[in-house]
Amino acid sequence: MNTPNSISWQEAGKTKTSVWHSENAAPVPKKIQLADDTIKADDAYKLACEGTALLWRGDFQNAKLLLQALSRRIDRPRKKPKKTGETLLQSFHLHRQAQSQKARILGMLVIELSVGYNIHLRRAPDVKAACEHAYGTSHGSMVVSLREILGLVGAYEWHKNGVDISVINNKIHPSYGVFSPIRGEYLDLVDVAPLPIPCRLAFDIGTGTGVLAAILANRGVTKIVATDNSHRALDCALQNVTSLGLKPNVTLVEADLYPKDEYGQADLIVCNPPWLPAHPSSALESAIYDEKSKMLKGYLNGLSAHLSEQGEGWLILSDFAEQLGLRSRDELLGWISDAGLKVLEKIDTKARHNKVLDASDPLHEARKAELTSLWRLAKA
């Protein structure tokens, strides 16, 4: 019988048990059956939709092909034209619902990792380094979705290769579970906005990879306190500031938003909160979705108390939520005013990511109109 962290199945006349692992906290499948190269994609799709996990015992590369086949079957019904009168907000909720359903179904194709993160399947790759990067030291066998394994292998490649950040003329190396700074437009804004004078101390709230702290240090800010409440993010940021030679300039602090009062008041406080007020379905999505705008409001409400008298708060925020109807501009301006703040300037730039060009995206209309802004805020 399955428990919250274990999964059991019948194989070779015996009951076998392993640890169930899901980074997205997916529940243990209620049913599990063995599958190999002989299973047809339509049969696998039907079983996955019904909630039966398929523990793969065939060729690893064929499992990847099956995952692609399942994905095509999931996507096929959604290629319907948008209903007349359907709002962007309705399209967003339908899109999120479809993505969640897709993740659930694809998560039903699972593999077993033995001690040391070995995969005992034909043509299986060596995933030990990628798994240790994401999970830490192996302590036993575990069953994981194939989709998660492929995702962490991809993330490990990002980590090794790094992401070119033109404004610092160097690379940032994102870690698994830490959002990669691939949208350069908001980095450009932080690089060109006029620094307050003086600017002796800056806070970077929710630092993630540490990229904004690195940009500020590159601009000459000599003391930066970077906070995050994720251990993965803090470890990632430490690796990045160290490799960039910025460790003397950047202090990393575990905190939910602001550091303790002992760090004093800052001349500049930057924050790039998640842009969409919706529930994240995974740890990585927490960099995109901020349920009930909790982080955004927390940043605004604490800003005045942590700013020096002539200091500025830089809020980096896309208006994508406004384009979708998830939040209005009046709401945002109201939160700024209620926090005892005023707007000094708003610097805008057009979104440049690939989805802007994808007309088949159900949210294309909003993506095409999206602006990313740096709001320069001060005490009212």
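Here is a short chat about a predicted model and how some of its helices and strands are arranged.

Student: Before we start, what kind of model is this?
Tutor: Residues are numbered from 1 along each chain as its sequence is written, and side-chain values use heavy atoms, leaving out hydrogens and water. Local features need pLDDT of at least 70, side-chain atom pairs count only at pLDDT 80 or more, and totals for chains, interfaces and linings use all residues, as this is a predicted model.

Student: How many helices and strands are there?
Tutor: Both are DSSP runs numbered from the N terminus: helices are H or I with at least four residues, strands are E with at least two. Going by that, the protein has 12 helices and 15 strands.

Student: Which residue in β11 is the bridge partner of T227?
Tutor: Strands β10 (residues 223–228) and β11 (residues 250–254) run parallel, joined by five bridges; two strands pair if DSSP finds at least two. In β11, the partner of T227 is V253.

Student: How are α4 and α5 placed, roughly parallel or roughly perpendicular?
Tutor: Helix α4 (residues 128–135) packs on helix α5 (residues 146–161) at about 90 degrees, with axes 9 Å apart. Axes are lines fitted to C-alpha atoms over the stretch in contact, and angles run from 0 to 180 degrees between N-to-C directions. Under 35 degrees is roughly parallel, over 145 roughly antiparallel, 65 to 115 roughly perpendicular and the rest oblique. So α4 and α5 are roughly perpendicular.

Student: Which residues of α4 make the contact with α5?
Tutor: Contact means heavy atoms within 4.5 Å. On the α5 side are E148, I149, L152, V153, Y156 and H159, and on the α4 side A129, A130, C131, H133, A134 and Y135.
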